[in-house]
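Trainee: I should like a close look at a single part of this model, namely its salt bridges, with the surroundings added where they help. Please take the argument step by step.

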Amino acid sequence: MHETAWRVVTEAAAIWKAALPAMFFGCWCGVALRQGRVFAFFSRLCQPFTRAGRMPEEWAPFFILCLLNRYAANAMLAEWQREGRLGRRETVAVYLLGSLPTGVYFTLFYFTPVLLASLGTELGGRFIALHVLLSLLVTFCGLALHWFSGGGAAASKWKKEESVPARQGTWLGNVAEAWRQFWGIAKIFMPVTFLFTAALHSSWMEAAWPQLDAFLRTFSLSAAGILVILAGIPTLIAAIGMAGTFMVGGVLSGQEVLFILLLASFGHNVYDGLSRVLPSNLSIFGASLGLLVTTVGTGLYLAMVALLAWGLA
């Protein structure tokens with residue numbers, strides 16, 4: 001009992017150690033990017049993208065923030081929604097539009113070094129392309145939702161009625177505002193992640209693992225493939241490293257590795273959606289909207305992963 005409790009505390013603390021500093025930094029970036037010359041620079045940088053999508057130029061910093069820190073981008077989006085600049089459907093559309101820059105960031109700085117080292121340039125490059133394609137498809141869904149919900153007219157109305165002011169602030173003032181945003185997120189994020197971690201180590205979850213193993217074997221996966229998928233649930237990097245080892249040893253072929261890594265990505269995104277994305281979105285957007293954007297965003301991404309995996313099977 002004490003050992004299980006210690007594991008829960010240790011794993012929850014590891015999540016907080018990784019996520020909380022990024023959240024605070026992201027909140028500070030979100031405050032700083034909406035000021036003066038910085039805001040104007042990033043608005044100009046994203047003008048081709050916002051114009052092509054018939055979006056307000058004021059949305060440009062959101063997409064830049066998605067490249068830097070998704071927590072900050074979501075905090076900015078939630079603020080627009082609370083201020084009445086965006087309705088619920090528009091908020092969901094913009095949330096989905098941020099999938100591509102977020103996916104590019106994670107692919108380049110999180111997966112790429114491990115992929116190229118473990119799978120080589122050719123096979124690693126193919127998985128990188130698949131990973132970026134998944135994010136691109138979700139972004140296209142957001143663009144379609146934006147257009148079909150009258151996004152062009154909404155964008156024009158936003159520009160005419162009110163534009164986002166280029167606010168000025170001191171360094172200490174920015175830190176104070178960022179801290180207020182951060183604490184509002186952290187005080188919900190921390191207990192939710194702790195409870196979820198405790199649930200993962202409960203007796204009913206431990207009883208579910210053999211059933212998951214039996215389910216995976218129905219797809220005629222080898223023991224090596226199942227090990228890769230299970231290793232990828234908490235972190236996809238572990239799955240990539242293990243898959244590379246099996247491929248070098250001749251246990252798995254290149255085509256099998258791509259298929260198995262997509263299945264591992266599916267499992268990881270279910271885990272990540274419940275353990276990290278949902279708690280942070282609930283704390284940033286509120287219970288109702290946070291659940292909605294998480295369900296739609298994660299659900300669409302999982303659907304795209306499933307379609308690609310089916311195509312490779």
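Mentor: A residue is called buried when its relative accessible area is under 20%, exposed when that area is over 50%, and partly exposed in between. With this scale in hand, one may turn to the pairs, bearing in mind that the model is a predicted one.

The structure holds 2 salt bridges. In general terms, side chains of opposite charge can pair when their charged atoms come close.

Consider the pair in helix H13, a helix that covers residues 254-285. Here Asp272 forms a salt bridge with Arg276, and the closest N and O atoms lie 2.8 Å apart. The two residues are 4 residues apart in this helix, so about one helical turn separates Asp272 from Arg276. Their accessibilities fall into separate classes. Arg276 has a relative accessibility of 25% and therefore counts as partly exposed, whereas Asp272, at 15%, counts as buried.

The other pair joins Glu83 to Arg85, with 2.6 Å between the closest N and O atoms. In this pair the acidic residue, Glu83, is partly exposed because its relative accessibility is 45%. Arg85, by contrast, has a relative accessible area of 18% and is therefore buried. Each bridge thus links a buried residue to a partly exposed one: in one case Asp272 is buried and Arg276 partly exposed, and in the other Arg85 is buried and Glu83 partly exposed.

Helix H13 also contains Asn281. At 1% relative accessibility, Asn281 counts as buried. When its neighbours within four places in sequence are left aside, Asn281 is in contact with Asn74, Tyr95, Gly286, Gly290, Val293 and Thr294.

For a contrast in chemical character, one may look at the surface. Leu67, Leu68, Tyr105, Phe106, Leu108, Phe109 and Tyr110 form a nonpolar patch there, and together they have about 640 Å² of accessible area. Two elements give two or more residues to this patch: helix H4, which spans residues 60-68, and helix H7, which spans residues 99-148. The largest share, 5 residues, comes from H7. Leu68 belongs to helix H4, and with a relative accessible area of 42% this leucine is partly exposed.

Note on methods. Residues are numbered from 1 along each chain as its sequence is written. This is a predicted model: local features need pLDDT of at least 70, side-chain atom pairs count only at pLDDT 80 or more; totals for chains, interfaces and linings use all residues. Side-chain values use heavy atoms; hydrogens and water are left out. Patches are made of residues with over 30% relative accessible area and no salt bridge: like charges are joined within 9 Å, nonpolar side chains (Val, Leu, Ile, Met, Phe, Trp, Tyr) within 5 Å. Accessible areas come from the Shrake-Rupley method with a 1.4 Å probe; for residues, only the protein chains shown count as cover. A salt bridge is a side-chain nitrogen of Lys or Arg within 4 Å of a carboxyl oxygen of Asp or Glu. Buried means under 20% relative accessible area, exposed over 50%, partly exposed in between (1.4 Å probe, protein chains only). Contact means heavy atoms within 4.5 Å.
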